[in-house]
Amino acid sequence: MKKIFLSFATVFVSFLCCYSQAFTLDPTFGYGGKTYTNLVDINKANEWGNVVAMQPDGKILIAGLTLVSYSSTAPVAIVRYNTNGSLDNSFDHDGMIFCWGYTVNAITVQPDGKILIAGTSNNDFAIARFNTNGSPDNSFGNNGRLTTSIGSGADVITCMLLQNDGKIVVGGYSSNGIDNDFALARYNSNGTPDNSFDNDGKLSFA
């Protein structure tokens, strides 16, 4: 891990040295290079994006949370923008979807265009998958979503990647009641646990 970090740091410093030029906002994107979207809270005080991904066609996905005063949960919001910063109305008719209250910490786009988000729900690992039009992918997990209990306390996904064979690997941490352990889980492409991974598809270690 240390070697990887140092290699990344070296590349990053080299990049800054070679390309330390002034960057400017792209005036063709949104309004002067910026775009703002009201989801539920008209004052935008309780809405924020956590993660971002770019589709192969250049469209931009942002996932985060929106807190509303009449709800005790924080529903996940996913918004998709066209390359010019406008909302993509082919994504659930208005460019945004709301789903299943939990925290989202990772987002990725599969080669077939389906969208995966991951985080935590009710203290368990949580993953959801959507079709390219924003509808839940009912062929994945239970109506497009799944949860996995790892330890006795909070289980939180912080990162996710796709293998070349389509299997989904997530990593994060799991509480054992005293402190947090590293946690990993691997799923088949349909959301079922990959039992070839540590016999039950999941593991945790200090």
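## Paired strands

Two strands count as paired if DSSP finds at least two bridges between them. Strand β7, residues 124-130, meets this condition with β8, to which it is joined by 4 bridges. The two strands run antiparallel. Ala128 stands opposite Arg145 in β8, and Phe125 stands opposite Thr148 in β8.

## The model as a whole

The structure is a predicted model. Its protein chain has an average pLDDT of 85, and 82% of the residues score at least 70. Residues 1-16 are a weak part of the prediction: pLDDT stays under 50 there, and the model gives this stretch 1 contact beyond four places in sequence.

The secondary structure consists of 1 helix and 12 strands. In sequence order the helix comes before the strands, as the pattern α-β-β-β-β-β-β-β-β-β-β-β-β shows. The chain has 206 residues, of which 41% count as buried. Its accessible surface is about 12,000 Å², and carbon and sulfur atoms account for 56% of that area. Of the contacts between residues at least 6 apart in sequence, 38% join residues at least 24 apart.

## A four-stranded sheet

In what order do the 4 strands of the open sheet lie? The order is β5-β6-β7-β8, with antiparallel pairing. β5 (103-109) and β8 (145-148) are the edge strands; each has a single partner, so one side of each has no neighbour in the sheet. On average, neighbouring strands of this sheet are turned by 20° against each other, direction ignored.

The pairs can be taken in turn. β5 and β6 are joined by 6 bridges and run antiparallel; here Ala106 has Ala118 in β6 as its bridge partner. The hairpin of β5 and β6 has 5 residues between the strands, and Gly113 takes a positive phi near 95° in it. β6 and β7 are paired over 7 bridges, also in the antiparallel sense. Ala118 has a bridge partner in β7 too, namely Ile127. The hairpin of β6 and β7 has 2 residues between the strands, and Asn122 in its turn has a positive phi of about 50°.

## Burial of β6 and β8

How many of the 7 residues of β6 are buried? The count is 7 of 7, so β6 is largely enclosed by the rest of the structure. Both of its faces are covered. Ile115, Ile117, Gly119 and Ser121 are buried on one side, and Leu116, Ala118 and Thr120 are buried on the other.

In β8 the side chains alternate between two faces. Leu146 and Thr148 point to one face and are buried, whereas Arg145 and Thr147 point to the other and are not.

## Nonpolar cores

In soluble globular proteins, nonpolar side chains tend to be buried together. In this model the largest nonpolar core has 19 residues. Leu61, Ala63, Val76, Ile78, Ile107, Ile117 and Phe130 have the most contacts inside it. At least two residues of this core come from each of β1 (47-54), β2 (60-66), β3, β4, β5, β6 (115-121) and β7. Another core, of 15 residues, lies apart from it and includes Ile150, Ile157, Met160 and Tyr187.

One residue from each core can serve as an example. Beyond four places in sequence, Phe130 touches residues including Ile78, Ile97, Cys99, Ile115 and Ile117. Ile157 belongs to strand β9, residues 155-162. Its relative accessible area is 0%; the limit for a buried residue is under 20%, so Ile157 counts as buried. Among the residues that Ile157 touches outside its sequence neighbourhood of four places are Asn105, Ala118, Gly119, Phe125 and Val170. Gly119 is 38 residues from Ile157 along the chain, yet their C-alpha atoms are separated by 4.6 Å.

## Two loop residues

Is Asp88 buried or exposed? Asp88 is in the loop between β3 (76-81) and β4 (96-99), and is buried because its relative accessible area is 4%. Aside from residues up to four places away in sequence, Asp88 touches Lys59, Arg80, Tyr81, Asn82, Asp94 and Gly95.

Pro193 is in the loop between β11 (180-187) and β12 (202-205). This residue counts as partly exposed because its relative accessibility is 43%, while the range for that class lies between 20% and 50%. Beyond four places in sequence, Pro193 is in contact with Arg186, Tyr187, Asn188 and Asp200. Pro193 and Ile168 are 25 residues apart in sequence, with 9.5 Å between their C-alpha atoms.

Methods: Residues are numbered from 1 along each chain as its sequence is written. This is a predicted model: local features need pLDDT of at least 70, side-chain atom pairs count only at pLDDT 80 or more; totals for chains, interfaces and linings use all residues. Side-chain values use heavy atoms; hydrogens and water are left out. Buried means under 20% relative accessible area, exposed over 50%, partly exposed in between (1.4 Å probe, protein chains only). Contact means heavy atoms within 4.5 Å. Axes are lines fitted to C-alpha atoms, for helices over the stretch in contact, and angles run from 0 to 180 degrees between N-to-C directions. Accessible areas come from the Shrake-Rupley method with a 1.4 Å probe; for residues, only the protein chains shown count as cover. pLDDT is the predictor's confidence in each residue, from 0 to 100. A nonpolar core is a set of buried Ala, Val, Leu, Ile, Met, Phe, Trp, Tyr and Cys residues joined through side-chain atoms within 4.5 Å.
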